Amino acid sequence: MKPLFIQKELDITLTRLAYQLVENHMDFENTVIIGLQPRGIFLSDRIHQKVQSFLPKTKIAYGKLDITFYRDDFNEKGQLLQVSETQMDFNIEGKHVILVDDVLYTGRSIRSGLDALLDYGRPAHVELLVLIDRRFNREVPIQPDYVGMAVDVIDNQKVKVLWKERDGKDEVILL
Amino acid sequence: MSLSVKHLLGIKDLLPSDIELILKTAAQFKEVLQRPIKKVPTLRDTSVVNLFFENSTRTRISFELAEKRLSADTINFAASSSSVSKGETLIDTAKNILSMKVDMVVMRHSASGAPHFLAQHINASIINAGDGINEHPTQALLDSFSIQERIGSLKGKKVALIGDIMHSRVALSNIYCLTKMGAEVVVCGPPTLIPKHIESLGVGVMYDIKEALKWCDVANVLRIQLERQNKPLFSSLREYAMYYGVNKQVLQSIDKEIVIMHPGPINRGVELSSDVADSKNAIILDQVENGVAVRMAALYLLAGKKDQML
């Protein structure tokens, strides 16, 4: 077990990611942040808070998207996946969308996420922000635009992301 | 996260946690139905046959829409235009259809227990869309969903089922569903339309409609099912409407707002008057809308059982 991030480093990285978003999207007038349920939303909550604190005058549109119904493995393990809540009270037509998820691994969740997203309309542009990019494990051609940390690990290793809200502490560990 | 049953034959067989799971999943499907594109690819590898041995508008369209919005392939079957009219048996009909690789069966039949019987003979998951005077589980689930949506958790809520309790599969399924979810239930109607020993299901009985309406938070008014009554059980529809019809006067005389439901099709002017059916307290059309989401949830959750059946 090896820690990749501990509390303070994680906060620095999240701040950096939030600044990168502001650098590219400036006033966030036409940009929305969407976290992928269930695990991406802890990251997207933090990123949204940070960007919002940098731009106190604009109200940043923020949604959560459940992708269960779009997955190609919803029934593969003999157990149905838990359905989570989708909250998107804005229109994504013509918007710049930043999709947020915690770990980019095979790329299949993001593939489902894109399918789900497009059922809400036609965004002008979609970007992907992830905390951890497992570079060598992709099964579909999907690449992130913003990366907290890229890690090169073998298939049977696991990356576990812990969040204070759910697990009592902020930490990313390699198992 | 999984249902405890392989088929949805009746609410009787469900655990409270199953009902909660279906209602919770339905809420997410309701969100899907508000989107510009009201369709998800989830069941694109599943084929569903709708076996309707009895007439239906709402339930059949609702199931078909639910299946299509989950991207399942659907086949419709109506007994009147099929080989059943040539004398083919139920099992033969079902087995022949299933040999064409169908995964799920949605079935309505005028004989109580028909889907339970079929479940013992075939491998596919069966959803009961109404069997005789026994159960109509998806209707009860959508009723509970609609009540929750309007007035919050079912626990401790008072629901009156009014009218033809004897012949109503909606009533029986609602009794099971509501009591399992912790609601209080009273049935109300003329004594000839209330089965003996119904109290053993944990419900109260009232014969005075005013008393029942005063007591309840929600009144689910059932249809008078003349087609199932083979002997006269009340003297005339006019008399029934006078004593048990829910109309504006009787609602104004009880000094409180109650939610009005009806499973459809309404006999306007008999069990429910038009001014009440079209009032803001009536959630009849919400029930229909929620029906699609609830049926999507049932199909989705049972599709998860598909691999266990082979």
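Biologist: Which residues in α11(B) do Leu21(B), Ile22(B), Thr25(B), Ala26(B), Phe29(B), Lys30(B) and Leu33(B) in α1(B) meet?

Modeller: This is a predicted model in which local features need pLDDT of at least 70 and side-chain atom pairs count only at pLDDT 80 or more, while totals for chains, interfaces and linings use all residues. Residues are numbered from 1 along each chain as its sequence is written, chains are lettered from A and ligands numbered from 1 in the order written, and side-chain values use heavy atoms, without hydrogens and water. Helices (H or I, at least four residues) and strands (E, at least two) are DSSP runs numbered from the N terminus, and contact means heavy atoms within 4.5 Å. On that basis, the seven residues you name in α1(B) meet Glu289(B), Asn290(B), Val292(B), Ala293(B), Val294(B), Met296(B), Ala297(B), Tyr300(B) and Leu301(B).

Biologist: At what angle do α1(B) and α11(B) pack?

Modeller: Axes are lines fitted to C-alpha atoms, for helices over the stretch in contact, with angles from 0 to 180 degrees between N-to-C directions. Angles under 35 degrees count as roughly parallel, over 145 as roughly antiparallel, 65 to 115 as roughly perpendicular and the rest as oblique. α1(B) and α11(B) are therefore oblique to each other, their axes lying 8 Å apart at an angle of about 120 degrees.

Biologist: How many nonpolar, polar and charged residues are in the contact of α1(B) with α5(B)?

Modeller: The axes of α1(B) (residues 16-33) and α5(B) come within 10 Å and cross at roughly 70 degrees, which makes the two helices roughly perpendicular. Ile19(B), Ile22(B), Leu23(B), Ala26(B), Ala27(B) and Lys30(B) of α1(B) meet Leu141(B), Ser144(B), Phe145(B), Gln148(B) and Glu149(B) of α5(B). Ala, Val, Leu, Ile, Met, Phe, Trp, Tyr, Cys and Pro count as nonpolar, Asp, Glu, Lys and Arg as charged, and the others, Gly among them, as polar. The contact thus divides into seven nonpolar, two polar and two charged residues.

Biologist: Which residues of α6(B) make the contact with α5(B)?

Modeller: α5(B) and α6(B) pack at about 55 degrees with axes 8 Å apart, and they are therefore oblique to each other. On the α5(B) side, the contact involves Pro137(B), Gln139(B), Ala140(B), Leu141(B), Asp143(B), Ser144(B) and Ile147(B). On the α6(B) side, it involves Val170(B), Ser173(B), Asn174(B), Cys177(B) and Leu178(B).

Biologist: How many of the 12 residues of α6(B) are buried?

Modeller: Buried means under 20% relative accessible area, exposed over 50% and partly exposed in between, with a 1.4 Å probe and protein chains only. Buried residues of α6(B) include Arg169(B), Ile175(B) and Tyr176(B). The helix is largely enclosed by the rest of the structure, because the number of its residues that are buried is 10.

Biologist: Which residues is Leu172(B) in contact with, leaving aside its neighbours within four places in sequence?

Modeller: Leu172(B) is found in α6(B), residues 169-180, and its 19% relative accessibility means that it counts as buried. Its C-alpha is 9.1 Å from that of Lys12(B), although the two are 160 residues apart in sequence. Apart from those sequence neighbours, Leu172(B) is in contact with Asn134(B), Glu135(B) and Leu201(B).

Biologist: Which residues does Gln7(A) touch, not counting residues up to four places away in sequence?

Modeller: Gln7(A) lies in α1 of chain A, residues 7-25, and is partly exposed at 38% relative accessible area. Its C-alpha and that of Lys169(A) are 7.5 Å apart, with their positions 162 residues apart along the chain. With that sequence limit, Gln7(A) touches Lys164(A) and Asp170(A).

Biologist: What is omega for the cis peptide bond that joins Gly264(B) and Pro265(B)?

Modeller: Pro265(B) lies in the loop between β9 (259-261) and α10 (274-277) of chain B. In chain A, the bond from Gln37(A) to Pro38(A) is cis, with omega near -5 degrees. For Gly264(B) and Pro265(B), omega is about -10 degrees.

Biologist: What positive phi does His197(B) have?

Modeller: His197(B) is in the loop between β6 (184-188) and β7 (204-206) of chain B, and it is exposed at 64% relative accessible area. In chain A, Met26(A) has a positive phi of about 50 degrees. His197(B), which is not a glycine, has a positive phi of about 65 degrees.
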